[in-house]
Amino acid sequence: MIRYLRLYLQFLKFSFSRSLEYRMDFWFRIVMDCMFYLVQLVFFTILYQHTDLLGGWNYDQILIFVSGFLVIDAIHMTVFSNNMWWIPILVNKGDLDYYVVRPVSSLFFLSLRDFAANSFLNLLIASGILCWSILRYPEELGTSNLIWFLFLLINGAFLHYVLQMYFQIPVFWTHTNRGLITAFFSATKLMERPDKIYPIWTRRILMTVFPTLLVIALPSRILFEGPDPWLIFWVLGVTACSFLGMRAFWNLGLRHYSSASS
Amino acid sequence: MSPSLFFHLVLLETKKLMSYRVDFWITMLVALVVNLVILWALWQAIFAESGKELIGGWDLNGILAYGVMVFLTGRIVRGGDLQMTVATDIYDGSLSRYLLYPRHYPFVKYAQQVGNILPDLFQSLLMGLVAIPLLGISTTTDVSPMSLLMAIPSILVAHLLFFLMSLTPQYIAFWADNVWSLSVMLRFVTMLLGGAMLPLTLFPESIQDGLRWLPFSYLFEFPTLVALGKIGFVQWYQGICYCLLWSLLMGLLSIPVWRRGDLRYTGVGI
């Protein structure tokens, strides 16, 4: 475990020094993400000009929900996004060889080696928006609600990564997964809306088969309605099962991997 | 550029895109299904919870038809995946090849862009024929064969405008290390202010007034309203002219950027 932590610290050092080499891109990305945050907030603000409630949530609640989603997006962009981009390229070029032979988990190495330092600043901005939306909330939010919300938010970011990996791994067989990845990003739009707007069967599918509602909608519900042990167990259980399934899928993919040079 | 060369380039690009057919259909089907689910769930909830029958001049079926139509036309207007090719040509040096061609670079790129949207056009038509009848009859739209016919040139000029708007941020690649974020930024802004996320009639009045002076509404809202029969002939004609004027302006804006960038360009291996 300590070895992996030390390795991750090296990844961080390397990523920060590299990102500062491309200063213009550094600032462009920050502005881009801020624009994304603004568009999301404006979208819901306009919707609430025409209704008081959406999926049972008022404007103050939806602001927290959207901010939570922005934090998850920022975590994804900072920690996983660049690495996800490289996986199909490494598989197709045969460069995966260099990672498979190292004495650490290839999944760990390939998922975390590139930390997007520029997006880290956006993570701070998104966290600031979340703090602001929580502080302006007119009612009392219990401490335990808040702790569970923050814990499940981090879990949501992890689940988002796990789900994306399910769409990345088929590249071992298909050689191009561009369509699948575009499909994944289209499908993740489902998590950007409150869970209660979906009909019951859609909600069941989105809590089991493709559990996008567990990423931020259910953690937000726990924040507003209090920690429900069954719901928390469900969120953590599905995340654990999804991760184990993904790891098995990754190992299967590695077994099918034939290096380009062999 | 001669029409035969233009169509030859269009055809080449279409063939290239169709070589990944599974990708092509997966992307479209998943995006359409997800959009339908979200649209239906979101607006059903808003109409139910607000208790209103009309929102921003739309009834439920009308706004669903708008959502489906803007999704289908938006795919064509944005023109698939070609947004980064100009920057890629600059970065990997393949621009050198185009500079040797006896045709102007943006025209070649535009022909490729049109080739890229042809399969989208066919797909959108097919999906529209399936999806629109499922949405039910609306009192706030009036789709007819004439409105659909009028929508085709509206979509094509909107596509030209989007292409020319994307060109200048792409040319920044002559100076910057990475312009992907600029393209994405443009996409965010045009999607919101162009009516791809919400009909612009839902925006506050003052913002709607401001947006009339900007080109964004011609990208997504205008072709969609034409297809839904909400635009009369005179308004349509005026809209096409404004869109072409904006295209001209964007094209003119890109010329000095191209000229300055071209002077800085160093081809890989040269």
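## Interface of chains A and B, and a pocket of chain B

Across the interface of chain B and chain A, four residue pairs are in polar contact, both residues at pLDDT 80 or more (N or O atoms within 3.5 Å, one able to donate a hydrogen and the other to accept it, with residues adjacent in sequence counted only if both atoms are side-chain atoms). The model is predicted, with local features needing pLDDT of at least 70, side-chain atom pairs counting only at pLDDT 80 or more, and totals for chains, interfaces and linings using all residues. Residues are numbered from 1 along each chain as its sequence is written, chains are lettered from A in the order in which they are written, and side-chain values use heavy atoms, without hydrogens and water.

Between chain B and chain A there are zero salt bridges (a side-chain nitrogen of Lys or Arg within 4 Å of a carboxyl oxygen of Asp or Glu). On the side of chain B that touches chain A, α2(B) supplies the largest share, 16 residues.

The second largest pocket is lined by 20 residues, with Arg212(B), Ser217(B), Tyr218(B), Glu221(B) and Gln235(B) nearest its centre. Five lining residues, the largest share, come from α11(B).

The table gives both sets of residues by class (Ala, Val, Leu, Ile, Met, Phe, Trp, Tyr, Cys and Pro nonpolar; Asp, Glu, Lys and Arg charged; the others, Gly among them, polar).

| Set | Nonpolar | Polar | Charged |
|---|---|---|---|
| Side of chain B that touches chain A | 27 residues | four residues | five residues |
| Lining of the second largest pocket | 10 residues | seven residues | three residues |

Technical notes. 1 Å grid on protein atoms, 1.4 Å probe; cavity = no way out; pocket = protein on both sides within 12 Å on 5 of 7 lines; lining within 4 Å. Helix = DSSP H or I, 4+ residues; strand = E, 2+ residues; numbered from the N terminus.
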